Amino acid sequence: GKYVGEQALAAVGTSTPIMNIAILLISGMCMGASVLMSSQYGAKDYDTLSKQISTTMLSGVVFSVFLSVFFNVFAHPILLLMQVDASILQMTMHYMRIIFAGLLFTFMYNFFASTLRALGDSQSPLYFLITSAVVNIVGDLVFVLYLHMGSEGCAISTVLSEALSCLLCVIYIQKKVPVLQLGR
C-alpha cells in the first residue's frame with residue numbers, strides 16, 4: 001500500500017471477496033477429496049485411491065478452468081454489480097483477471113497439498129507454502145518498486161508464487177511419493 005497508492009490498494013481489496021469465493025470453493029473440494037483419499041490410503045485400497053486422485057485432479061482442473069473463464073469474462077459486470085467506484089474499476093478488473101488467469105495453479109497446489117496431507121505428510125506442503133509466501137513478498141517488491149507495475153505486478157507475483165508452490169509439489173511427488181505419481 002505504501003508504494004502502489006490508495007487506489008491500487010483499494011483495487012486489490014475490492015477483488016478479495018470474489019477471489020475468496022473461488023479459493024474457498026477449490027479448497028473445500030480438495031479438503032473433501034482428501035478425507036476420502038486418507039480413508040482409502042489407510043485401508044490400503046490403492047486402486048480406489050488412484051481413481052479418487054485422478055477424478056479429483058480432472059474435475060478440479062475442469063472446475064478451475066471454468067471459474068477462470070467465468071470470472072475473466074464476467075469481471076466487469078460483477079464489479080459493476082458490486083458498485084465498485086469508477087476510479088478503480090479498470091485497475092480492479094485487471095488485477096482480478098490476472099489472478100483468475102492463474103487459478104489453475106491455486107487448484108493444483110491445494111490438490112497436491114491436500115493429497116500429501118491425506119497420506120500423512122503435512123510438513124512438505126507447509127514448506128512449499130512458506131516458500132511461496134516469501135517469493136510472493138519478494139516478487140511484490142520487485143514488480144512494484146523496480147518494475148513499477150502497481151497492482152498488476154502484485155497479481156503477477158501472486159500467480160508466479162502459486163505456480164512455484166505447485167511446481168515444488170510436483171517435483172517432490174515425483175521424487176518421494178510414488179503412490180501419487182499420476183498415470184493414465
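## An all-helix chain and its aromatic core

Of the 184 residues in this chain, 42% count as buried. Please keep in mind that the model is predicted. Its secondary structure comes to 7 helices and 0 strands, so that reading from the N terminus gives the order α-α-α-α-α-α-α. Along the principal axes, the C-alpha atoms fill a box of roughly 55 × 35 × 25 Å. About 10,000 Å² of the chain is exposed, and carbon and sulfur atoms supply 67% of that area. Among contacts with a separation of 6 or more, 73% are between residues 24 or more positions apart.

Let us start with the interior. The largest nonpolar core has 42 residues, and those with the most contacts inside it are Phe 100, Phe 111 and Phe 112. The elements that give two or more residues to this core are α1, α2, α3, α4, α5, α6 (123-146) and α7 (150-176). Helix α5 gives the most, with 9 residues.

Helix α2 is a good one to follow on screen. It has 28 residues and reaches 40 Å from its first C-alpha to its last, close to the 40 Å expected at 1.5 Å a residue. Its buried residues include Leu 49, Gln 52, Ile 53, Thr 56, Met 57, Gly 60 and Phe 71. The cover over the buried residues of α2 includes α1 (6-42), α3 (75-81), α4 and α5.

Now for the aromatic rings. The structure holds 8 aromatic pairs. Phe 71 and Phe 100 make a stacked pair, because their ring centres are 4.5 Å apart and their planes are at 20°. This pair links distant parts of the chain: Phe 71 is in helix α2 (residues 46-73) and Phe 100 in helix α4 (residues 86-101), 29 residues apart. Both Phe 71 and Phe 100 are buried. Phe 107 and Phe 111 form another aromatic pair, also stacked. These two phenylalanines both lie in helix α5 (residues 103-118), 4 residues apart, which is about one turn of the helix. The two pairs are set out here.

| Pair | Centre to centre | Angle between planes |
|---|---|---|
| Phe 71 and Phe 100 | 4.5 Å | 20° |
| Phe 107 and Phe 111 | 5.7 Å | 25° |

Phe 107 counts as buried because its relative accessibility is 0%, and Phe 111 counts as buried at 1%. Leaving out residues up to four places away in sequence, Phe 111 touches Cys 30, Met 37, Ile 53, Thr 56 and Met 57. Ile 53, Thr 56 and Met 57 are among the buried residues of α2. As for Phe 71 and Phe 100, they belong to one aromatic cluster together with Phe 66, Phe 70 and Phe 74.

Finally, the cysteines. How many disulfides does a search of the whole structure find? The search finds 0. Cys 166 is in no disulfide, and the nearest cysteine sulfur, that of Cys 169, is 6.8 Å away. Cys 169 is likewise in no disulfide, its nearest cysteine sulfur being that of Cys 166 at 6.8 Å. A disulfide needs the two sulfur atoms within 2.5 Å, which is why a pair at 6.8 Å does not count as one. Are these cysteines buried or exposed? Cys 166 counts as buried, because its relative accessibility is 8%. Cys 169 is buried too, with a relative accessible area of 0%.

Terms used. Residues numbered from 1 in each chain as written. Predicted model: local features only at pLDDT ≥ 70, side-chain atom pairs only at ≥ 80, totals over all residues. Heavy atoms only, no water. Buried < 20%, exposed > 50% of the residue type's maximum accessible area, 1.4 Å probe, protein only. Phe/Tyr/Trp six-rings, centres within 6.5 Å; stacked < 30°, edge-to-face > 60°. Expected span 1.5 Å × (residues − 1). Contact = heavy atoms within 4.5 Å. Areas by Shrake-Rupley, 256 points an atom, 1.4 Å probe, with all protein chains shown as cover. Core = buried A, V, L, I, M, F, W, Y, C linked by side-chain atoms within 4.5 Å.
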